[in-house]
Amino acid sequence: MAAQEELSASELHVGPAQSTIAAEDLLRRGTAPAGSEMVMPCAMVVVAHADDETIALGARMERLDGAHFVHVTDGAPRNEEDSRAHGFKSLDDYREARAAELARMFQEAGLQRASSVGLHFRDQEAGLHLTEITRQIAEQVALREPEIIFTHPYEGGHPDHDACAFAVHHAVEMNRARGGRRPLVLEAPFYHAGRTGFEAGRFLRLDGWMPEIAYELSEEERAQKRKLMACFVSQRETLKGFDDAWERFRIAPVYDFTHPPHSGKLLYENYPWGMTSERFCQLAEEAEGELENDAARAL
């Protein structure tokens, strides 16, 4: 991973260090394979749904034993279509099952020292609560003081994923403005609209360049990841769409959430999830205004 001139120091600001070298070191150490002797940075994982952390990090989950996990939604859409489709009699049953699956994954992965908190926003509705989610994540960042935060890219695959990306990026800036640490944001690809429809496991191409690292998983690593994915019984069909041969990570770029992540129709606009690209960008603009007012009142 060679440093690129188009990356400014401010974009890769890491605590007192302002260099691509420091940022790339955190990227390598934070994503090192299980069993690596590299020192794991203090990490936070902020994802939309239970199982997102395993999709992104399943092969190296044991390295996150000391991490702090934040799950933004409850994994149970209000309309109950998901809960009924998965054979649950009620929304509460489905919500409880998803929480139990996450707890089982933590146990299987040996994450005895890891901490976890759920923000309990409704699945598919995180985009409606960008300001509040940002505030709550900023509180977690201030409390935990991570060196790195793993989260979603802004890719138009699921509105809850994009909401997480918005909240993490703005929470990090909020914490820095208050005099706290500005952790490095790392992201893993999930899914987005591709040439043939659904495309998973690869990043959207950027106009610029950001340091990226890809790991081809060994058979042992693939088996471990499959074991953890199997904990999410209710999501079995959905998880079949994800390849377990690679895990990819990059330093997050600076996003403009008031514009779509790519041209054309976003993937989530093909689903009845109550969100469009135009609406999400409008909500992002409104939330940025509210967060700016927060900052002004804090002065």
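Two strands are taken to pair if DSSP finds at least two bridges between them. With that in hand, the sheet of this predicted model can be read strand by strand. Strand 7, residues 184-187, and strand 11, residues 246-251, pair in the antiparallel sense over two bridges. Within this pairing, E187 stands opposite R250 of strand 11, and L186 stands opposite I251 of strand 11. Strand 11 also pairs with strand 10, again in the antiparallel sense, here over five bridges. On that side E212 is the residue that stands opposite R250. R250 thus faces E187 in one pairing and E212 in the other.

A wider view places these pairings in the sheet as a whole. Seven strands form an open sheet, and their order is 5-4-3-6-7-11-10. The pairing in this sheet is mixed. At the edges stand strand 5 (115-121) and strand 10 (212-216); each has a single partner strand, so one side of each is left without a neighbour in the sheet. From one strand to the next, the twist averages 20 degrees. As general background, strands of a sheet pair through backbone hydrogen bonds, either parallel or antiparallel.

How enclosed is strand 11 by the rest of the structure? Five of its six residues are buried, so strand 11 is largely enclosed. Residue I251 of this strand also offers a link to a loop: W209 and I251 are 42 residues apart in sequence, while their C-alpha atoms are 9.8 Å apart in space. W209 itself lies in the loop between strand 9 (197-200) and strand 10. With a relative accessible area of 29%, W209 is partly exposed, because its value falls between the 20% limit for buried and the 50% limit for exposed.

The helices come next, and three of them pack against one another in pairs. Two packed helices are described by the angle between their axes and the distance between the axes. Helix 5 (residues 130-144) and helix 9 (residues 277-298) pack at an angle of about 50 degrees, and their axes are 8 Å apart. Helix 5 and helix 9 are therefore oblique to each other. On the helix 5 side the contact is made by L130, T131, T134 and R135, and on the helix 9 side by F280, L283, A284, A287, E290, L291 and D294. Sorted by class, this contact of helix 5 with helix 9 has six nonpolar, two polar and three charged residues.

Helix 5 also packs against helix 6, at an angle of about 50 degrees and with the axes 8 Å apart. That angle makes helix 5 oblique to helix 6. The crossing in which helix 5 passes helix 6 is right-handed. Here L130, I133, T134, I137, A138, V141 and A142 of helix 5 meet A163, F166, A167, V168, H170, A171, M174 and N175 of helix 6. By class, the contact of helix 5 with helix 6 has twelve nonpolar and three polar residues, with no charged residues.

What is the arrangement of helix 6 and helix 9? Their axes come within 12 Å and cross at roughly 20 degrees. Helix 6 is therefore roughly parallel to helix 9, since angles under 35 degrees count as such. The crossing of helix 6 past helix 9 is right-handed. Helix 6 contributes P159, D162, A163, F166, H170 and M174 to the contact, and helix 9 contributes F280, A284, A287, E288 and L291. These residues divide into eight nonpolar, one polar and two charged.

Helix 6 (residues 159-177) also holds H161. Is H161 buried or exposed? At a relative accessible area of 1%, H161 is buried. Leaving aside neighbours within four places in sequence, H161 is in contact with A48, H49, D52, H152, P153, F190 and Y191.

Two residues deserve a friendly note for their backbone angles. Most residues other than glycine have a negative phi. H120, although not a glycine, has a positive phi of about 65 degrees. H120 is found in strand 5, one of the strands at the edges of the sheet, and at 62% relative accessibility H120 counts as exposed. E145 is likewise not a glycine, and its phi is positive at about 50 degrees. E145 lies in the loop between helix 5 and strand 6 (148-151).

Conventions:
Residues numbered from 1 in each chain as written. Predicted model: local features only at pLDDT ≥ 70, side-chain atom pairs only at ≥ 80, totals over all residues. Heavy atoms only, no water. Helix = DSSP H or I, 4+ residues; strand = E, 2+ residues; numbered from the N terminus. Buried < 20%, exposed > 50% of the residue type's maximum accessible area, 1.4 Å probe, protein only. Contact = heavy atoms within 4.5 Å. Axes fitted to C-alpha atoms, helices over the stretch in contact; angles between N-to-C directions. Parallel < 35°, antiparallel > 145°, perpendicular 65-115°, else oblique. Left-handed = near helix turned anticlockwise from the far one by under 90°. Nonpolar A, V, L, I, M, F, W, Y, C, P; charged D, E, K, R; others polar.
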